[in-house]
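Dear colleague,

I am handing over the structure below, and my notes on what was found in it follow directly after. Please read them with the model open beside you.

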Amino acid sequence: MKVAIVNLGQIVSGDWHAPFTAGDAIVTDGDRIALVGSAPAAAVEGADVVIDGGGMTAIPGLIDSHVHVTFGDFTPRQNTVGYLESYLHGGTTTAISASEVHVPGRPSDPAGVKALALAAQRSFASYRPGGMRVIAGSVILEPGLTAADFNELAQQGVKLAKAVFGAVNSAYDYVPLIRDAKAAGLITTCHTGGASIPGSGAITGDHLLAMRPHVSFHINGGPTAMPDRDFERVITESDIALQVCTAGNLRTTLLCAGLAERHGAFDRFIIATDTPTGSGVMPLGMLYTIAHCASLTEMPPERFICAATGNNARIYGLDSGLLAPGKAADIVLLDAPDGGTQKTALAAIKHGDIAAIGAVITAGMPRFVGRSRNTPPTTRKARVVRSAVTRDFAAAGQ
Ligand SMILES: [Zn+2]
C-alpha cells in the first residue's frame, strides 16, 4: 500500500542535530518511507490513500524504550488488557521490552530465563497490537548463565539482556554477566536507583561504572533516584545511554537533561516511560515526559521529540525513529490541543501542554486518522481525502 500525507505544516526529522526537514509531504510505499519533503503530483496520484494533514506537525512514531511487556496485549501488574493498543493512541509506535519480569511466576534458573526471553521474542515477532511494534525478549541476567547461553540466544534472535532482578549476592556479580552478554552482541541494560520491588538493592554510579551496560534504565530513578553527584560521573566517565522515564524522579530527569547538554552527551539522552508498573498504565507517558523536559528546560521542544525517536532508534539499532527515505513508515501527526493557548504542536509542548494526535501510521498503514482516543482533540483536522482501501480510518480511532 502507498500512502501520501500532504499539507503538513512542519516535519520533525527525529535527528536532533538537524531536527527539521523542509517541505509539506511524506509518501510511504509498503512498510517504508519513500519520500519526505515535497511530493510530485504523480506520487500523490499513485497513492492508495491520501491524507490531508491540515497543517499539522509530522514526527516519527515515538519509541518507548522501557515497557514491561509480558505476553499478548496484557499487563499482569495492573490487570489491564489492550494497553499497548492504547499506547499507540499516545503516539508510541514501538515498545521495547524492559524484560519480561512481570510474567507471573517467572523463572529464575538459567534454562527458564532463556526460554522466557526466546518465547517473548517469538510471540511478538509478527504480533502487532493495534499496529504497535514490540521488541520483546530481554533475558533476565541470572547467576549460572554462560557465554554459550548468550551466544545461543543471540543466534536465535534475542537482542536484549537486563541486569538487576536476578538472584545475585551483589550488584558487582553482574559485571561478568554483562561482559559476556555484550560479547554475544546483546544490548545490555541495567536498573538504576533505589529498589523498585522488595529484594532488589540500590544501583548507583559506582555500580554502573563497574558494569558498563549499554543503557542505564531510568537513570532518573525507577522510581527512586541515585545520588545527584553520580549523574555527572556516569555522563563523563562512560558512554552509557541515559534513559529517563516518566515513572521516575522528574527533578533528576531535568538534572540529567541539563548535564547531557552541557557535556555534549545529548546523543545518549533517551526517553521512555517505565510502565506498566506500580505507577500504572500511561498511554500518554511519552508525551508527558517530552512536555515536561521541553517546558522546564531552556532546550527546544523538537530536541526531546528526537530523544524519544531518533536517539532511541540509534541506541537500540532500530530502522525507525527518523522521517527519512528507507526508514520504517511509522509516522505521527501532532497538533496544538483544541482549547489551548498555543497555535502549533511544538509551541504547545514548549508551553507544557500535552500535544494532540491527529493520526498514527505504522508499517505504512494508517491506524487512525482524525482523533486519538487518548489525547485532547486537535486544533486542525487531519482527514482522508481519497482512499482505494475499504477501511474506515476514522472509525479505527474510536
Ligand atoms: Zn522498569
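Leaving aside its neighbours within four places in sequence, Phe-304 is in contact with Ala-257, Phe-266, Phe-269, Ile-271, Ile-290, Cys-293, Ala-294, Thr-297 and Met-299; please bear in mind that this, like everything else here, comes from a predicted model. Phe-304 is also one of the three residues, together with Phe-269 and Leu-334, that touch the most other members of the largest nonpolar core, which has 82 residues. Among the helices and strands, the one that gives the most to this core is helix α9, spanning residues 285-296, and it contributes six residues. Apart from this there is a second, separate core of 20 residues, whose members include Leu-8, Ile-11, Ile-26 and Met-56.

The other part I would point you to is an open sheet of six strands, which pair in parallel and follow the order β12-β13-β14-β15-β16-β17. Its edges are formed by β12 (138-140) and β17 (269-272), each of which pairs on one side only, and neighbouring strands of the sheet are turned against each other by 30° on average, direction ignored.

At the β17 end of that order, strand β16, made of residues 241-245, pairs with β17 in the parallel sense over four bridges, and within this pairing Gln-243 stands opposite Ile-270 of β17. Helix α8, residues 250-262, packs on the sheet and touches both β16 and β17, while its direction makes about 150° with that of β16.

With best regards

Methods:
Residues are numbered from 1 along each chain as its sequence is written. This is a predicted model: local features need pLDDT of at least 70, side-chain atom pairs count only at pLDDT 80 or more; totals for chains, interfaces and linings use all residues. Side-chain values use heavy atoms; hydrogens and water are left out. Two strands pair if DSSP finds at least two bridges between them. Helices (H or I, at least four residues) and strands (E, at least two) are DSSP runs, numbered from the N terminus. Axes are lines fitted to C-alpha atoms, for helices over the stretch in contact, and angles run from 0 to 180 degrees between N-to-C directions. Contact means heavy atoms within 4.5 Å. A nonpolar core is a set of buried Ala, Val, Leu, Ile, Met, Phe, Trp, Tyr and Cys residues joined through side-chain atoms within 4.5 Å. Buried means under 20% relative accessible area, exposed over 50%, partly exposed in between (1.4 Å probe, protein chains only).
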